[in-house]
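I opened a fresh page for this one and kept my notes short. Come along and look things up with me.

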Amino acid sequence: MIADRVRAALSAADPAELAALLHPDARWGESCRNRDEVLAWYRGLLDQGVRFTVRDVRADGDVLRLTLDVAGPDGSWTAHPVVRLDGDLVIDIRPEEP
């Protein structure tokens with residue numbers, strides 16, 4: 001199941017695991033417009049010491065709603081990204097929708 005694969009990839013802090021889940025046209029927020037840019041941004045976070053712990057993944061059709069504990073050099077916080085799917089691949093990752 002894709003939800004389990006997303007959980008495992010983010011928890012592993014392994015860009016190769018995330019790469020296997022990303023659509024070639026995947027987007028992350030407003031700045032990353034393809035898989036290579038998403039992976040470069042993710043690697044940059046990991047290089048800075050940022051780590052994700054996936055607390056919850058809720059599937060709703062072609063959308064996954066995540067609850068992430070994020071820890072890094074600037075502290076820790078909880079994030080709630082919304083992940084849109086194209087089949088079994090991640091096509092878009094955005095902050096929580098209002």
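**Entry 1: strand pairing.** I began with β3 and β5, which pair in the antiparallel sense over 3 bridges. I looked for one pair to point at and found valine 63, whose bridge partner in β5 is arginine 84. I remind myself that this is a predicted model.

Next I followed β3 to another partner, β2. These two strands run antiparallel and are joined by 9 bridges. Here I noted that arginine 58 has arginine 65 in β3 as its bridge partner. I then checked the turn: β2 and β3 form a hairpin with 2 residues between the strands, and glycine 61 in that hairpin takes a positive phi near 65°.

My last pairing was β3 with β4, a strand of residues 75-79, again antiparallel, over 5 bridges. This hairpin also has 2 residues between its strands.

**Entry 2: serine 76.** I picked a residue in β4, and serine 76 is found there. Which residue stands opposite serine 76? I found alanine 71. Buried or exposed? Serine 76 counts as exposed because its relative accessibility is 61%, and the cut-off for exposed is over 50%. Leaving aside neighbours within four places in sequence, I saw serine 76 in contact with Val70 and Ala71. I also checked a distance: the C-alpha atoms of serine 76 and glycine 61 are 30 Å apart, with their positions 15 residues apart along the chain.

**Entry 3: arginine 51.** I moved to β2, where arginine 51 lies. With a relative accessible area of 40%, arginine 51 is partly exposed. Beyond residues up to four places away in sequence, I listed Ala13, Leu46, Asp69, Val70 and Ala71 as residues that arginine 51 touches. For Leu46 I have a finer detail: its backbone oxygen lies 3.0 Å from a polar atom of the arginine 51 side chain. The C-alpha atoms of arginine 51 and proline 73 are separated by 9.8 Å, although the two residues are 22 apart along the chain.

**Entry 4: the core.** I finished with the largest nonpolar core, which has 28 residues. Which members touch the most others? They are Val6 and Leu66. I then noted the elements that give two or more residues to this core: the helices α1 (2-12) and α3 (35-47), and the strands β1 (22-28), β2 (51-60), β3 (63-72), β5 (82-86) and β6 (89-94). Looking at valine 6 without its neighbours within four places in sequence, I found contacts with Leu21, Leu64, Leu66 and Val90. As a general reminder to myself, nonpolar side chains tend to be buried together in soluble globular proteins.

Notes. Residues are numbered from 1 along each chain as its sequence is written. This is a predicted model: local features need pLDDT of at least 70, side-chain atom pairs count only at pLDDT 80 or more; totals for chains, interfaces and linings use all residues. Side-chain values use heavy atoms; hydrogens and water are left out. A nonpolar core is a set of buried Ala, Val, Leu, Ile, Met, Phe, Trp, Tyr and Cys residues joined through side-chain atoms within 4.5 Å. Buried means under 20% relative accessible area, exposed over 50%, partly exposed in between (1.4 Å probe, protein chains only). Helices (H or I, at least four residues) and strands (E, at least two) are DSSP runs, numbered from the N terminus. Contact means heavy atoms within 4.5 Å. Two strands pair if DSSP finds at least two bridges between them. A polar contact is a pair of N or O atoms within 3.5 Å; within protein, one must be able to donate a hydrogen and the other to accept it, and residues adjacent in sequence count only if both atoms are side-chain atoms.
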